[in-house]
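Colleague: I'd like to zoom in on one part of this model with you, taking it slowly since I'm still new to reading structures. Could you walk me through it and then show me how it sits among the rest?

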Amino acid sequence: MSASRLQTSNLAENVGTQPVFEVTGLTKHFGGIQALNNISFRLHKEDITALIGPNGAGKSTFINVVAGRFQPSSGKVFFQGRNIAGLPAHEVAHLGLSRTFQLEDLFTGMTVLENVMVGCHVRNKTGILSAGLRLPSTRAREKRIKEEAFEILKFIGLDDKAEEKTTKLPLGERKMLGVARALAMKPQLMMLDEPAGGLAAHEVAKLTDLIHKLKEEGMAFMIVEHNMPFIMAISQRIVVLNYGVKIAEGPPEEIKQDLQVIKAYLGGSI
Amino acid sequence: MFISETIQYAISGITSGSIYAIVGICWSTVFLISGVLNFSTGEFVMLGGMLTWLFISWGFSLLPAIFFGVACTVIVAMLMERIVIRPVRYPSETTFLLITTAAGSVIRGIVLIACGSDTRHIEPFLGSSPIMIGDAVLLPQVIIVVSVLVLIAGGLVMFLDHTLFGKALRASSINQVGARLIGIKINRVRLFCFGLAGGMGAIAGIVIAPIEFTGYSVGLMEGLKGLVVALLGGWTIRGTVVAGLALGLLEGLGAGFISTGWKDALALFVMLTFLIIRTLDLTSIKKLVYRHE
Amino acid sequence: MNDRSFKTEISIAGFAVIIVLLPLIVKGNYFVSVMNLVAIYAVLAMGMGLLMGQAGLISLAHPAWFGLGAYISGILAARGILPAWATPFVSAVGVGIVAYVVGAPVLRLRSYYLACATLALLLITQIAAGQLSDLTGGHEGLLGIPVLTVFGFEFKKDLHFYYLSWALCLICYWFLANLLNSQVGRAIRSFNSSEIASASMGIDIAKYKRHAFVLTAIMAGLAGSVFCFYIRLAIPSSFEFPLLVTLMMMVVIGGIQDLHGALIGSLAVIWLGEFLRNYMKNFFTSMTSEVEAVFFGIIIIVVLIFMPDGLTGWINRIPSWGKRLYERKQTSNQ
Amino acid sequence: MRRPVLSVFLTCAIGCALVSGLGYAGDMAPYKIGICVSLTGPAASIGEPERNGALVRINDINAAGGINGRKLEAVVDDEQGAPDKAVIGTKRLIDVEKVVALAGYEYSGAAMAAIVPAEAGSTPMVVGCVTEKTWMPTKKWTFSVVPRQKDAYNIILDSFLQQGAKKIACIYVDAAMGQMAREALSYVADQRGIKLAVEEKYSLGTSDISPQITHIKSAGADAIFIGGYVPDAAMVVKTARALGFTGIIGGDQAVLGPEFIKLVGKDGEGFITTTPKALVAGELDESDPQKKVATDLYEKYTKEHGVFALGGVHGWDTVNLISEALKKTDPKLDPAKPEDVEKIRVQVRDNLENLGSVIGQNGIFNITPDNHNGLGQKSHVALVLKDGSWKKY
């Protein structure tokens, strides 16, 4: 495992224009229902890629399959040159792919800070014995994790609510906390599942800023979203799904003109 | 000799199996329709038997005693839903598990305080002159037990499949929110389920009392076996009946030919194995395939 | 976080001082032996509370680990296979291995199914303890367990066991409190609220479930081992279904969300039980324990409905009440 | 995890308050006798009569003016059939209640567990449970009043053989009591050169016993011996008769009592068991040395507690032995003073070993330093169930 990981990281440094992420022929069916049908596309680091489509198009399923929650029926998912299709979710996370959730799915029993600290899990292995005995190494690590988590909260603007329970946050802040938690994993690629859903205009603006800032730092993004103005403003590349099939792919301007996309969104009436 | 022995074991197995099946149906009706696993189901069985005995000892004749026994158990079951289940503010499996177990021990304790710890006996309904099958003996009460199972299971299937109310119940079991939208009141449904389960459990307790006696503590084991068969039967009525009879037969024959000491462990072992096998789905195999690619 | 663990350590130290001093203040073996039982059951309740409250695993097999620990220790010591002081360690390892082997398949189950499977485990263990009478002494119990001797020191008095079991209890508490405030603990707590989110944070849920399960089982095994040297008897009836109900009561009454809930629950349930046992018989000439069972049953129902966080929920709220009172006073003064 | 110190301390304080409340001692100092029985739980049907029997004897003595001018006071503890409760209860009796001696313990598991604290607390303990392991090997502070099962089973076996039984089956409950019954029966049978035709066991509180009965039938047994408690033993009898078993049925005296007769109904006719003499007091010879005590207990018990049950005999005997031993203690010792209580305990124990012969319910006791039971063989009477009541065989 460690050898292959080393290899992939070497690859990632050398590739340049090679895609961070590539799906080929990804298919998923639940019983008789075809949720994803032979989807292929590439995702480059330079682009913020958006995945759009009407309700039931299979966007969330796509994220769930890629992130390891569901097993794909067939197809491959390459992440940094390695096929991650079928890996369990926690292993996918370890490879540097993180995601957020449509309904934010925070850890309700914990404080805001602790939620972010959970996100640091991938980079901090703690043995059960050393944790229970509170060995000096664990103490040091705990301190570091806490500082890191606090930094992230500051970065995202939630540091004043660090000790509050998540249930007390308003929706917008919960969404942001979801992003912060995913951020704590320091991922290579982040998949945001409807990050702007239910946000007010100023919150969306804040989110856009945040994404741009992170992109500067070299993080790749894939965003699933309904909010069209947001998508059109932020993304460089858009993939459109309908009934589990990819019907279009391209820069926002092209997609706006695409007849098939318009038809999919407005129903078959045109 | 061997054949009649086997028949004897089978009879004993079918008798207990029928009771397991009825109790199993009680578990699955409540669980399937209201999502609560009621860990005091066994106490309904105990209540049925004990109350009927109580009414008989007060001088009622058999049929009215049975009627009152069942009616009182139904009332207790519904009260339990009303007092214990409905007010729970943060419903979770853990809460329901704990609260129904506690309710069970309250019921058991009250019966014990009121009726004493003595074991009770109800006379067989059709007398005790045995029917001989070769050398094997069939008690008339066994016929009653089996026919009660057939009546309950058949009646319930008919009710759920062929009446409007039954269909509504099934609908609410599939989708609680949806059911609420089309005007089914979940609380009422659950109340009804508890009453139904209480009634069926009580009947099971009554018909078995002449064979197996009844006492304040019979509920624990009967309840547990019911849970086992409900699980094995996949919470469906047909499945539970099949599982109940199968488990009863397995126990009867196992006790007859293998060991009597491990009889109760057998049922538990079957349940454990079944549960574990259930978790082994195809995904883990698929995972292996993907990893080796 | 650091100040919280500092707080935990301070409170454990403070509590340890109270524990050490208590027998000097309150005389008598009876008090000591009841407190001893409180400590032993608190270890069990802590484990069960951790699994049910923090990890969201309804594990009902805890009494089985307790019994298994007692039997491993008891058999090894009574047969003279190992010196008594070494047996608790063997028990811990043995229980750990069994819990690991059993836990691997069983922990794939969830909610009620897990409850059913672990309940089955408990009952099977119980039946086995009665059936394997050559090994366990059957229902009569395993006799001939020697006095626990560590480096020539004989644990003969209740007071010795009092300190031993409280040491075990506080160490377990310290260990679990540390654990819960670490990455491991946060991982365990995270999948209780959302397994999907937890997995996508890179947490290997199956692994941590197993860790929590095995760890608490080992603690229960150790408690069982101490218990068997204490009453010098290993008998099926000391870890049967009633113990499970008792543990549930402790966890619920103490409060399921917090670790020290189990400790408080154990204190409350055992002392309340003793109180009822000693005073109820003035009102009920027989059936005292049934009255007790009904009483406790009603308490559980009331607690679950009206105060889901148990006693600790209330106690935790005291400071905020105080604060609110203080604030109200401040505002009225202005 | 916020305020553990405060909360745990609070609960502790409550605990302490409770304890200090418990440690009271009255000014008028009676001798306290701890009676630890299970009033609930699996052995309650024996425990309750045992307590009643003990109370009968204590009231007797008090009515006659007590011992050394002091009354006896019964301190009853319910051990609920659980070993840990028995241990704690025993400690409470010794440390808090300051009893001079312990009596009761009808449940073997509880008795075995309680021996440890009783021995450690240097308090004489007279148990009323069947396990021989309580007094063999001899322990310093532990005595027993219960006759050995073997003696009783000899009598039952005699009557089986008298009625022409050839193949004897043993069915026993899968619990401590049943295990001992099986051992004792096969020991007794062995001594006569008989081999048990078949041995079957069933779990406590079983719901179905027909597989075992079928085994017994197919082994061709013509007599069944039952070593079990009331409901299960009754179920064995009923099932055996229902499945067409026509031979003799008999069993351990644990079945004595009204419940068994009610449960078995007509099927129980001819059931053979043994009893101490109290139950057949009216039918005893005038010359019988136990006639007086047996009649006495039977009458008082039925008057105060209703239908007579077996445990009463053991309870009576345990208290009786203790009171006999108490009579010989130094009357100046004050049971209200803890240091005197310790002296009384030592004296009671020493006296118990040197009482000479004491007429009791279970027989005539002659406890010696080597034999802490001291019962002869002739303490049982065979009984048969006839027309719905127990008759002398």
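How many helices and how many strands does chain A have?

Modeller: Happy to, and one thing up front: this is a predicted model. Chain A comes out with 11 helices and 10 strands. Its radius of gyration is 19 Å, close to the 18 Å that the globule rule gives for 270 residues, so chain A is as compact as a globular protein of that length. If you draw a box along the principal axes, the C-alpha atoms of chain A fill roughly 65 × 45 × 40 Å.

Now let's zoom in on a sheet. In chain A, 4 strands form an open sheet in the order β2-β1-β4-β5, and the pairing is antiparallel. At the edges sit β2 (33–43) and β5 (82–83) of chain A, each of which pairs on one side only. What holds paired strands side by side? Strands of a sheet pair through backbone hydrogen bonds, and the pairing can be parallel or antiparallel. Take strand β1 of chain A, residues 21–30: it pairs with β2(A) in the antiparallel sense, over 7 bridges. You can pick out a bridge for yourself by finding A:Phe30, whose bridge partner in β2(A) is A:Ile33.

Stepping back to the whole of chain A, 54% of its 270 residues are buried. Contacts tell you how the chain folds back on itself: among those in chain A with a separation of 6 or more, 66% join residues 24 or more positions apart. As for the outside, chain A exposes about 11700 Å², and carbon and sulfur atoms supply 53% of that. Chain A also carries 32 positive and 28 negative charges, and the mean positions of the two groups are 6 Å apart.

Let's put chain B next to that. Chain B has 12 helices and 2 strands. From the N terminus you meet four helices, then the two strands, then a run of eight helices. The radius of gyration of chain B is 20 Å, close to the 19 Å that the globule rule gives for 293 residues, so this chain is as compact as a globular protein of that length. Its C-alpha trace spans about 65 × 50 × 40 Å along the principal axes. Of the 293 residues in chain B, 56% count as buried, and 74% of the contacts with a separation of 6 or more link residues 24 or more positions apart. The accessible surface of chain B is about 12100 Å², with 71% of it belonging to carbon and sulfur atoms. Chain B has 18 positive and 14 negative side chains, and the centres of these two sets lie 17 Å apart.

One residue there deserves a closer look. B:Glu81 sits in helix α3 of chain B, which covers residues 62–85. Is B:Glu81 buried or exposed? B:Glu81 counts as buried because its relative accessibility is 0%, and the cut-off for buried is under 20%. Setting aside neighbours within four places in sequence, B:Glu81 is in contact with residues including B:Arg86, B:Asn187, B:Arg190 and B:Phe194.

Last, how do the chains meet? There are 5 pairs of chains that touch, and chains C and D share the most contacts among them. Chains A and D, on the other hand, do not touch: their nearest C-alpha atoms are 12 Å apart.

Definitions and conventions: Residues numbered from 1 in each chain as written. Chains lettered and ligands numbered in written order. Predicted model: local features only at pLDDT ≥ 70, side-chain atom pairs only at ≥ 80, totals over all residues. Heavy atoms only, no water. Rg over C-alpha atoms; globule rule 2.2 N^0.38 Å. Buried < 20%, exposed > 50% of the residue type's maximum accessible area, 1.4 Å probe, protein only. Contact = heavy atoms within 4.5 Å. Areas by Shrake-Rupley, 256 points an atom, 1.4 Å probe, with all protein chains shown as cover. Lys, Arg positive; Asp, Glu negative; His and termini not counted. Charge placed at Lys NZ, Arg CZ, Asp CG, Glu CD. Pairing = 2+ DSSP bridges.
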